[in-house]
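Thanks for sending this one over. Here are my notes, kept as short numbered points so that you can follow along in your viewer.

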Amino acid sequence: MAKRGLLIILSGPSGVGKGTVRMELMKDESLKLYYSVSMTTRKMRPGEVEGREYYFVSEDEFKKNVEEGNLLEWAKFVGNYYGTPKSIVEKMRDEGKNVLLEIEVSGTLQVLGKLRDDKGLISIFLVPPSIEDLENRIRGRKTETEEMIAERLEKARGELRCGHYYQHEVVNDDLARAVGEIASLIKARMADDDR
């Protein structure tokens, strides 16, 4: 039987580069990563594939999963629900895969509350070098109004005060360095036979 995989939480404020860091980590086959696909009630966008970007469900089905305790974490964001299906995470970990969750701070707090005694849990908080750097990244996307940018920055300031909930804090000042630091944290835990 395979050694049970880790559960790796990668979290941080919007615009910090979680998605980019995740994509780089996924290229490293030695990390044995499985990216956890979330369930959502939002409509599928052109080019998206069921089970690749998300598991697309109705609001009723989502709420049923919440009631039955089938989600590790969930949240409502811009009118749609998003959550992490527990059964898939457990199945992959049982197969020896290290499951990577790229989730919001509120989701992390839910997972930590449910799995605080799980010896295979690693929580990593990705932070910007400064709030100014974060603002430049968000503005650089050129996808949001001034009001939306202000909202995201206000939310980020609050989230940045949550770093103490995480086991590790990694500054995303240089992509290759940040990815290398996170990969090293994962490899160290993989090598730790005391789990």
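1. Is Glu 146 buried or exposed? Bear in mind as you look that this is a predicted model. Glu 146 has a relative accessible area of 51%, and the cut-off for exposed is over 50%, so Glu 146 counts as exposed.

2. Where does that residue sit? Glu 146 belongs to helix α6, which covers residues 146–159. If you want a distance to check on your screen, try Ile 88: 58 residues separate Glu 146 and Ile 88 in sequence, and their C-alpha atoms are 38 Å apart in space.

3. On to the pockets. The largest pocket holds about 1200 Å³ of space. Its lining is made of 37 residues, and those closest to the centre are Tyr 54, Phe 77, Tyr 82, Glu 102 and Glu 104. Sorted by class, this lining contains 15 charged, twelve nonpolar and ten polar residues.

4. Which elements build that lining? At least two residues each come from α1 (18–26), β5 (71–77), β6 (80–85), β7 (98–103), α4 (105–115) and α6. The largest share belongs to α1, with five residues.

5. The second largest pocket has a volume of about 150 Å³. Please have a look at its lining, which consists of Phe 77, Val 78, Glu 144, Met 148, Glu 151, Arg 152 and Lys 155. Helix α6 gives the largest share here, four residues. By class, the lining has four charged and three nonpolar residues, with no polar ones. Phe 77 deserves a second glance: it is listed for this pocket, and it is also among the residues closest to the centre of the largest pocket.

6. Now the sheet. Four strands make an open sheet with mixed pairing, in the order β4-β3-β6-β5. Why do β4 (54–56) and β5 each have a side without a neighbour in the sheet? Both stand at the edges and have a single partner strand, so one side of each is left free of a neighbour there. On average, neighbouring strands of this sheet are turned by 25° against each other, direction ignored.

7. A last point on strand pairing. As a reminder, strands of a sheet pair through backbone hydrogen bonds, either parallel or antiparallel. Here β5 and β6 are antiparallel, and six bridges join them. One bridge to pick out on screen is that of Lys 76, whose partner in β6 is Tyr 81. Both β5 and β6 also supply at least two residues to the lining of the largest pocket, which makes this pair a handy place to go back to point 4.

Notes: Residues are numbered from 1 along each chain as its sequence is written. This is a predicted model: local features need pLDDT of at least 70, side-chain atom pairs count only at pLDDT 80 or more; totals for chains, interfaces and linings use all residues. Side-chain values use heavy atoms; hydrogens and water are left out. Buried means under 20% relative accessible area, exposed over 50%, partly exposed in between (1.4 Å probe, protein chains only). On a 1 Å grid over the protein atoms alone, a cavity is a set of points where a 1.4 Å probe fits but cannot get out, and a pocket is an open set with protein on both sides within 12 Å along at least five of seven lines; lining residues have an atom within 4 Å of a point. Grid points are joined across faces, edges and corners, and a volume is the space filled by probe spheres set on the points. Ala, Val, Leu, Ile, Met, Phe, Trp, Tyr, Cys and Pro count as nonpolar, Asp, Glu, Lys and Arg as charged, and the others, Gly among them, as polar. Two strands pair if DSSP finds at least two bridges between them. Axes are lines fitted to C-alpha atoms, for helices over the stretch in contact, and angles run from 0 to 180 degrees between N-to-C directions.
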